[in-house]
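Could you walk me through this model before I set up any calculations on it? I would like to know what can be relied on and what surrounds the ligand.

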Amino acid sequence: MGIFSSEGFSFSELAGMMFMWSTIQQLIPQLTFIWRTIQQLVPQSVSLFLEKLGAKLHGLSNPYVHIKFPAYLGAGEYNDAYYLIGFYLSTKSSKQAARLKGAKFEETKSMTITLDDGEETIDEFNGVLLKWKAKNLKAQASTNSSSSTDETSTSCRTQSYVLVFHKRYREMVTEIYLNHVIREGKAIWNRNRKRKLFTNKAGWESINFKHPANFNTLAMDPKKKQEIIADLDAFKKRKEYYGRIGKTWKRGYLLYGPPGTGKSTMIAAIANYMDYDIYDLELTSVTDNAELKELLTDTRSKSIIVIEDIDCSLDFTGKRKEKDHTKSEEDQDMKSGNEKDSNSKSKVTLSGLLNVIDGIWSACGQQRIIIFTTNHVEKLDPALIRRGRMDMHIEMSYCKFEAFKTLAKNYLDIDSHPLFEEIRLLLEENEVRPCDVAENLMPKADSRDAETCLRNLIEAINAEKERQQSKAKDEQEQEEIKGSKSAKRIVPQKETHQGSRKVCTRKIKKWLTIFKKL
Ligand SMILES: Nc1ncnc2c1ncn2[C@@H]1O[C@H](COP(=O)(O)OP(=O)(O)OP(=O)(O)O)[C@@H](O)[C@H]1O
Ligand SMILES: [Mg+2]
């Protein structure tokens, strides 16, 4: 029978119990006062012993363990675990608790719904039941008093989650369950957070990254595209594999090809596919190797570090090919770095960049992709792009028929058309950049239909073809003119030369006859 059930108690018994309870309540302040006085009188060691004894007795009678996760740790520091638990509980509590609260963070895409203050929810893990309570000390204290705006703004500091479980599961909870909660919380956070595009000015600055590019809309050879997707998939799943073979969990891609062939578009597609942030590293703004290290160690995991137009970024091109074998690589790079000083402020060197890629990341960089782009792959130092640093070399090339079909689908929403065959032949014969195809396929006015756009493209390719042909003809003519001019110049020279030789021979013969006469 429950103590608060009136069943089985007479009215006088109930009145007696209520009297006893109110007497105990009245005695509490006096008992507290006596306890405080004893604490002051007895030596500290004795009072500590008594406290420990009290806790032990309480432990014996209470089989439940409570772990508190406060939102605020003091000294301006907030507790990440509190927020991650909140994300974890958002998937559990909305089904059970009656009172919930919604929170929208600047960095997240959507609202997170979690337990309101004072609410509880039960979680089950490996057959064990665990209770989570949301507490707010301020809310409890201010139920009796009116709260000021100041209090509301700092009330998150007084919030906490308390986990309650039977003490027999202590080990399982602390060693397995809590790791699971934090891991799940992080996964929810990652799925919900907005992706960022970072650029380096003074340190990293970020904006939200929103780019519509994806592998479906990326125009390129479908086989090559599938290879890239498969490589990314393998990379995503290979955490254990990289750990086992002792390699850093990173992957390097070199994208090369003429301007307007989709290198930057490919980077956006990879970022969207992987759900990664992008760090767009402008090497010319990096003062020296030390700053480069700092910037790269400051990047988050699950990110892509991009160095666009690496051949133009710094003088990395082919330096090693002419290296002086009597000097160390670092010396030579430093020398070239100093030489560069005259036209660039950056002292970042090739070996500095290689050290950062290979060295620092081995220690702390995980789940990162590094991408270099260039229009002139032949100019790059082989050390920079060797396998292991740049694992995949991807050529982004001129638009062929398969790539065209993707663009026709993107821009005109068509899979076939009678003009496709003519376009296929034209694309085989000519080097047309995907950006030019895209430009021509984009309807300039609402009224323009697919056929008009396709005809525009055909016209544009033919016009370019004629332009190239007449340019080639002009160049040939110029060459011929140059050739004939130099031929004309050479002939009199030869004649003059021969003439002077003849004069010379005549003079010698004359002198010989004079000598003979003498
Ligand atoms: N392969 C492609 N697939 C889809 N769209 C493309 C492709 N290539 C180019 N485009 C279109 O052309 C525009 C320019 O492409 P992008 O900037 O990706 O070229 P790039 O290779 O990075 O050029 P650059 O070498 O000059 O930096 C894009 O905005 C896109 O609309
Ligand atoms: Mg680009």
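The questions below cover confidence, the ligand shell and one strand pair.

Author: Happy to help: this is a predicted model, in which local features need pLDDT of at least 70, side-chain atom pairs count only at pLDDT 80 or more, and totals for chains, interfaces and linings use all residues. Residues are numbered from 1 along each chain as its sequence is written, while chains are lettered from A and ligands numbered from 1 in the order in which they are written.

Reader: In which helix is confidence highest in the protein?
Author: pLDDT is the predictor's confidence in each residue, from 0 to 100. The protein averages 79, and 72% of the residues score at least 70. Helices here are DSSP runs of H or I with at least four residues, and strands are runs of E with at least two, numbered from the N terminus. Helix 12 (residues 329–340) has the lowest mean, 42, whereas the highest, 96, belongs to helix 9.

Reader: How many contacts beyond four places in sequence does the model have for residues 491–505?
Author: Two residues are in contact if their C-beta atoms, placed from the backbone, lie within 7 Å. Where pLDDT is low, the predicted coordinates should not be read in detail. Over residues 491–505 pLDDT stays under 50, and the number of such contacts is zero.

Reader: Which residues come nearest to ligand 1?
Author: A residue is near a molecule if its C-beta atom, placed from the backbone, lies within 6 Å of it. Helix 9 (263–274) and helix 17 (434–441) each supply at least two residues of the shell. Of the 15 residues around ligand 1, the nearest are P259, G262, S264, P434 and C435.

Reader: How many residues of the shell around ligand 1 are charged?
Author: Ala, Val, Leu, Ile, Met, Phe, Trp, Tyr, Cys and Pro count as nonpolar, Asp, Glu, Lys and Arg as charged, and the others, Gly among them, as polar. The shell has eight nonpolar and six polar residues, and the number charged is one.

Reader: Does strand 10 lie largely in the open or is it buried, and how many of its residues are buried?
Author: Strand 10 (residues 203–208) forms a hairpin with strand 9, with one residue between them. The two run antiparallel, joined by six bridges; strands pair if DSSP finds at least two bridges between them. A residue is buried if 20 or more other C-beta atoms lie within 10 Å of its own, exposed if 12 or fewer, and partly exposed in between, with C-beta atoms placed from the backbone. Strand 10 lies largely in the open because, of its six residues, the number buried is zero.
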